[in-house]
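Please look through the sequence and the structure shown here. The paragraphs after them go through a few places one at a time.

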Amino acid sequence: MSESKIKMTWQHHGKSRVRVGRRWVVGKENFFSEWKVENLIESECEEAYTESDNKGIVATDTQRNTCYYVANQMEKPCSPEEYAVAIAAHFLKTYKHLSKVTTTVELKPWTRVKLDGKDHAHGFVLDPSNGIHSAVVVHERNKDPEVSSKCTGLTVLKTTQSRFEGYIKDKFTLLPECKERMMASSVDAVWNYSKTPTKGYDTAYAGVVDVLKKEFFGPVEKGVHSYSIQQTLYDMGKQALKINAEVAKISLYMPNIHFLPTPPLVKFEDNVYVPVDEPHGVIHAEISRN
């Protein structure tokens with residue numbers, strides 16, 4: 001094949017795993033965020049690949065240092081979404097030959113510590129109970145940025161009110177129907193915003209995560225019955241869209257983490273299980289507005 005029939009379809013370059021810590025002092029309180037940033041830029045720099053000409057490249061070292069610069073420009077405590085939007089906008093403003101910037105910011109879950117029932121002025125502990133909060137911003141030149149929030153590793157378990165029946169059975173099926181089982185998952189959720197949330201991205205994130213947990217567990221006193229991970233996933237996504245008008249769609253990835261009955265040494269009474277995390281079922285779906 002002649003070289004004239006070969007072309008570069010697409011390319012980008014960037015910097016990943018840039019760790020940034022940002023402290024703010026507001027009155028008598030300290031605020032703190034720790035971020036992990038990945039930045040990818042698309043531009044007219046094909047010559048770097050094809051002609052050994054690097055004039056269109058924004059060095060990845062430059063991209064790393066820009067993350068520190070933009071963090072310093074964030075004058076008040078901000079969400080990972082706001083920080084990611086600011087990074088992407090800075091690159092497009094500074095380098096006119098860039099066509100698209102994709103910025104991902106993961107927030108480490110430092111949470112203000114409570115002592116004797118009071119918030120500490122400058123003390124924080126790691127608390128991943130609401131999952132890991134990330135933001136993804138895709139900003140094309142002359143367009144508004146597209147902003148998504150991610151919650152990863154939201155690990156949940158309920159010990160009753162789950163069953164699985166009525167599925168296809170053939171010669172390869174060994175799984176017996178079950179009217180009572182444990183149900184657990186490590187939920188990864190990604191949702192896209194149609195516009196900036198009225199109450200801010202942090203509030204929107206907390207609201208979506210809260211409703212995901214409420215739909216998984218059900219009311220405190222009586223719970224909610226699940227007939228499959230699929231049904232529970234749909235209920236979680238549907239309710240997330242209902243409570244936040246600015247969320248356009250949500251994708252949920254929910255592996256089925258199994259707790260199996262113990263070997264038949266004694267009668268099994270739904271009380272002693274063997275935790276098995278692999279192989280596990282994978283349930284993945286997207287729920288969107290009509």
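What follows covers a surface patch and then some annotated positions.

The model is a predicted one. Start at the surface, where Phe32, Trp110 and Leu126 form a nonpolar patch. Together these three residues have about 250 Å² of accessible area. To find Trp110, look in strand E4, which covers residues 110-115. Trp110 has a relative accessible area of 31%. It is classed as partly exposed because this value lies between the 20% and 50% cut-offs.

Next come the annotated positions. An unreviewed UniProt entry carries the annotation "binding site" for Thr60, Asp61, Phe164, Arg181, Gln230 and Asn256. These positions are spread over 197 residues of sequence, and they are also spread in space, with up to 52.3 Å between C-alpha atoms.

Where is Phe164? Phe164 sits in the loop that runs between strand E7 (146-158) and strand E8 (183-193). With a relative accessible area of 24%, Phe164 is partly exposed. Leaving aside residues up to four places away in sequence, Phe164 touches Leu175, Glu177, Cys178, Arg181, Tyr227 and Ser228. Among these contacts, Arg181 is also covered by the UniProt annotation.

Is Asn256 buried or exposed? Asn256 has a relative accessibility of 10%, so it counts as buried, the cut-off for that being under 20%. Asn256 belongs to strand E9, residues 247-261. Again without residues up to four places away in sequence, Asn256 touches Arg181, Ala184, Ile229, His280, Gly281 and Ile283. Arg181 is thus touched by Phe164 and by Asn256.

How values were computed: Residues numbered from 1 in each chain as written. Predicted model: local features only at pLDDT ≥ 70, side-chain atom pairs only at ≥ 80, totals over all residues. Heavy atoms only, no water. Patch = residues over 30% accessible without salt bridge, like charges linked within 9 Å, V, L, I, M, F, W, Y side chains within 5 Å. Areas by Shrake-Rupley, 256 points an atom, 1.4 Å probe, with all protein chains shown as cover. Salt bridge = Lys/Arg side-chain N within 4 Å of Asp/Glu carboxyl O. Helix = DSSP H or I, 4+ residues; strand = E, 2+ residues; numbered from the N terminus. Buried < 20%, exposed > 50% of the residue type's maximum accessible area, 1.4 Å probe, protein only. UniProt positions renumbered as here; feature names shortened; annotations may be inferred. Contact = heavy atoms within 4.5 Å.
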